[in-house]
Amino acid sequence: MTKFARLALAGLLAIAASGIARADDAQKAKIGVLRLSSSAPVFIAQDKGYFREAGLDIELKFFDAAQPIAVATTSGDVDFGITAFTAGLYNLAGKGTLKVIGGMSREKAGYPLIGYFASNNAYAAGLKTPKDLAGKRIAVTQVGSSFHYSLGLLADKYGFKLADVKVLPLQSLSNAAAALKGETVDAALLPISTARALVDSGGAKFLGWVGDETPWQLGAVFASPKTLTNKATVTKLLAALARADREYHDVILASVKNGKADINDKTKPLLEIIAKYTNLPVEQVVGNCAYIDPDGKLDVKNVDNQIAWLQEQGFVDKGFAADAIIAKEYVKAD
């Protein structure tokens, strides 16, 4: 081997070694999420390398309901949770085992996310609109879940009692969808990504969108106090998410018309990323683009309202409000 070749080889080995060192230096962290478009910025940040460029080695851990993500974050099975607010999350946060550090998805008019769906038999019997859900058997994932809360907001809006509705907590989205198709419930609250195939195949009927009826701050980013002691990791994670939030908002949400994103040269790469992580074709993803604030802001006033409502229903322990569970040094308030 010539001297030049030896020098070239040494240079390549040095570059490779430095690359390995940088990869080894990346801070490892696990994020608990659902395979829903409400987590779109997480998928974009992971797939486009924004986490990696921020110095993080992120592993995504997928769940089938929101509440277990809060439990997993508290126990240390994951470092960060990114999902919907639930009574379980608030109870854990009220005990000091979780802190909210950022906003994520929102129920907002014009951006389909969670819908009300009726079984075929119930629809034929007169269940035609969300207002008609009074007195019906309705499937949700869990007591105090975002679906349960959405139903409560609807009851408040139309003046019927939530206690008069037979709420059936079936523990997962797939179980709720199966119950709807099997006619063992009259209706269910489901994300459109879960319900679309059911509706398209004639297995259920669409009644309306939660965002059109009762807009609210649906999702957030949260972590345990132990995770928050590593400020560098938290700051890097939020910076990467902020980058993805802005891109998702300015590219995909900016193209949404009549509830659907446009497929063009700018949107298609991001839509394909969301499709990859949600296991849906792009043609379905376009009608399932949850609204997310471009700056990752959190509607703190709405969070306060959620806690007060859940406390009034007996789902959440009393004695705390939003300011007790929010890490103010990280949260951008709306």
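Here is a short conversation about a buried residue, a sheet and a helix pair in a predicted model.

Student: Before we start, what kind of model is this?

Tutor: Residues are numbered from 1 along each chain as its sequence is written, and side-chain values use heavy atoms, with hydrogens and water left out. Local features need pLDDT of at least 70, side-chain atom pairs count only at pLDDT 80 or more, and totals for chains, interfaces and linings use all residues, as this is a predicted model.

Student: Is T86 buried or exposed?

Tutor: T86 sits in the loop between β3 (80-84) and α5 (87-94); helices (H or I, at least four residues) and strands (E, at least two) are DSSP runs, numbered from the N terminus. Buried means under 20% relative accessible area, exposed over 50%, partly exposed in between (1.4 Å probe, protein chains only). Because its relative accessibility is 1%, T86 counts as buried.

Student: Which strands stand at the edges of the open sheet of 5 strands?

Tutor: The order is β8-β7-β9-β6-β10, with mixed pairing, where two strands pair if DSSP finds at least two bridges between them. Each edge strand has a single partner strand, so one side of each is left without a neighbour in the sheet: these are β8 (166-169) and β10 (205-209).

Student: Which residue of β9 is the bridge partner of F117?

Tutor: Strand β6 (residues 114-118) runs antiparallel to strand β9 (residues 187-191), and 5 bridges join them. Within β9, the partner of F117 is A188.
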